[in-house]
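I set out to keep a short notebook on one structure. My plan was to look up the ligand site, then helix packing, then the backbone.

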Amino acid sequence: MNLRTPGPIPVPAEVVEAGSAPMINHRGPEFAELIGELHEGLRYAFRTENDVLTLTGSGTSGMEAAVVNHVGPGDRVLVVTVGVFGERFLELVRIYGGDPVHLGFAYGSAADPARIDDALAADPGIRAVLVTHNETSTGVTNPLEEIAQVVRARDRLLIVDAISSLSSIALETDAWGLDVVVSGSQKGWMTAPGLAFVSVSDRAWEAQDRCTTPRMYLDLRRAQRSQEAGQTPWTPAISLMFQLRQALRMLRAEGIEAVWQRHHATAERVRDGLEALGLELYAAEGYRSDTVTAMLPPEGLAADEIRAIARTDYDTVFAGGQASLGGQIIRFGHLGYTTDEDVRGGLEALRGSLAKLGHAVPAAAGG
Ligand SMILES: *Cc1c(COP(=O)(O)O)cnc(C)c1O
């Protein structure tokens, strides 16, 4: 199957195999060595000297950890959204009793750093900014470096959902001054779903010490203390950590900057291929993601019908739209372990599916 969703993505055979190793004691020396190597590898990919904690849970557990450890009851925070995953941060802040100020941008567009600056200038009570780096629901990458500059200059805490960007798209935790950065194993990390990663700056640790929101499983201080002792507070998903160790070795061998470049080149091939098929890309030009591309179906055709044919007739699985985008768009994932063959196959599946629905496709397209 050609799995072209923006997570989970295909996992390399070496990584699958690494995950089948026999169990070890998570309170023993083998585990201490494992978590030590993971921490090194994660810091390398996060471009940080900060602690990076590994949680057993999907990416959303990392988002929830970011909220419960840093946003106290009644704390005013700016939540910047450009799509469904940004709205998840908004929901989390509300559920835990924070006081969110919502700065939403239209789906398909990117967040405007100047408007974030205006919002912060207008409200000195805002303590933190929560933002999505790569909005997987629309295929938009926000200008995170510029956003970070604005937030830094106003001296607020910056919390970033980098679940579908980190390891695939350039992100500099320390150089850009990102306080809390979250990612998840099934995106660019070439690992099965079930682990979340969260980096924490010194400023963020200070904010945690003041934050009174109740927390236990996702308490990052507990995770940090355990990690210093070569452990996790609770029994972790050891098999996934075996997988991740292998994936991180592969990332380091390739070099993180080469990985970013590879993603860009792959994304360009996908975008060019889709435009050659006459398909309109959903995300605004200049902000198109290098990990997932969203497209609109041709006039008169249903997105989900195209996806259904791609799956049954071409064994190729694309993602649909989420929430209000349901049935409106098709999303083509190209993060992590994506080969040229995967891209060609994906484009071919779309070309064939469109043709079967009676849509005239330019002859040279799809290759
Ligand atoms: C996938 C994703 C999530 C959610 O992660 P889960 O692993 O499904 O919990 C959150 N944010 C972004 C940007 C994502 O791409």
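The entries below record what I looked up, in the order in which I did so.

**Entry 1: the model.** I note at the outset that this is a predicted model.

**Entry 2: residues around the ligand.** I began with the surroundings of the ligand and found 14 residues there. Those that come nearest are Ser58, Thr60, Thr136, Asp161 and Lys187. I then sorted the shell by class: 8 of its residues are polar, 3 are charged and 3 are nonpolar.

**Entry 3: helices at the ligand.** Which helix gives the most to the shell around the ligand? I found that α3 does, with 3 residues. Both α3, spanning 59-70, and α4, spanning 84-95, supply at least two residues each.

**Entry 4: polar atoms at the ligand.** I looked up three distances from oxygen atoms of the ligand to polar atoms of the protein. In the side chain of Thr136, an N or O atom is 2.4 Å from a ligand oxygen. For Gln186, a side-chain N or O atom lies 2.7 Å from an oxygen atom of the ligand. At Gly59 the partner belongs to the backbone: a polar atom there is 2.8 Å from a ligand oxygen. I also looked up how much of the ligand is covered. Taken alone, the ligand exposes 380 Å², and the protein buries 89% of that.

**Entry 5: α5 and α6.** I turned next to helix α5 (residues 113-122) and helix α6 (residues 144-153), whose axes are 9 Å apart. They pack at an angle of about 20°, so α5 is roughly parallel to α6. I recorded their crossing as right-handed.

**Entry 6: α12 and α13.** How do the axes of helix α12 (residues 303-314) and helix α13 (residues 340-356) cross? They come within 9 Å and cross at roughly 115°. The two helices are therefore roughly perpendicular to each other. This crossing, of α12 and α13, is right-handed.

**Entry 7: the backbone.** I first noted the usual case: most peptide bonds are trans, and most residues other than glycine have a negative phi. I then looked up two places in the chain. Gly7 and Pro8 are joined by a cis peptide bond, with omega about -5°. Pro8 sits in the loop between β1 (2-4) and α1 (13-18). Arg47, a residue other than glycine, has a positive phi near 55°. I located Arg47 in the loop between α2 (29-46) and β2 (51-56).

Methods
Residues numbered from 1 in each chain as written. Predicted model: local features only at pLDDT ≥ 70, side-chain atom pairs only at ≥ 80, totals over all residues. Heavy atoms only, no water. Near = heavy atom within 4 Å. Polar contact = N/O pair within 3.5 Å; in protein donor to acceptor, adjacent residues only side chain to side chain. Areas by Shrake-Rupley, 256 points an atom, 1.4 Å probe, with all protein chains shown as cover. Helix = DSSP H or I, 4+ residues; strand = E, 2+ residues; numbered from the N terminus. Nonpolar A, V, L, I, M, F, W, Y, C, P; charged D, E, K, R; others polar. Axes fitted to C-alpha atoms, helices over the stretch in contact; angles between N-to-C directions. Parallel < 35°, antiparallel > 145°, perpendicular 65-115°, else oblique. Left-handed = near helix turned anticlockwise from the far one by under 90°.
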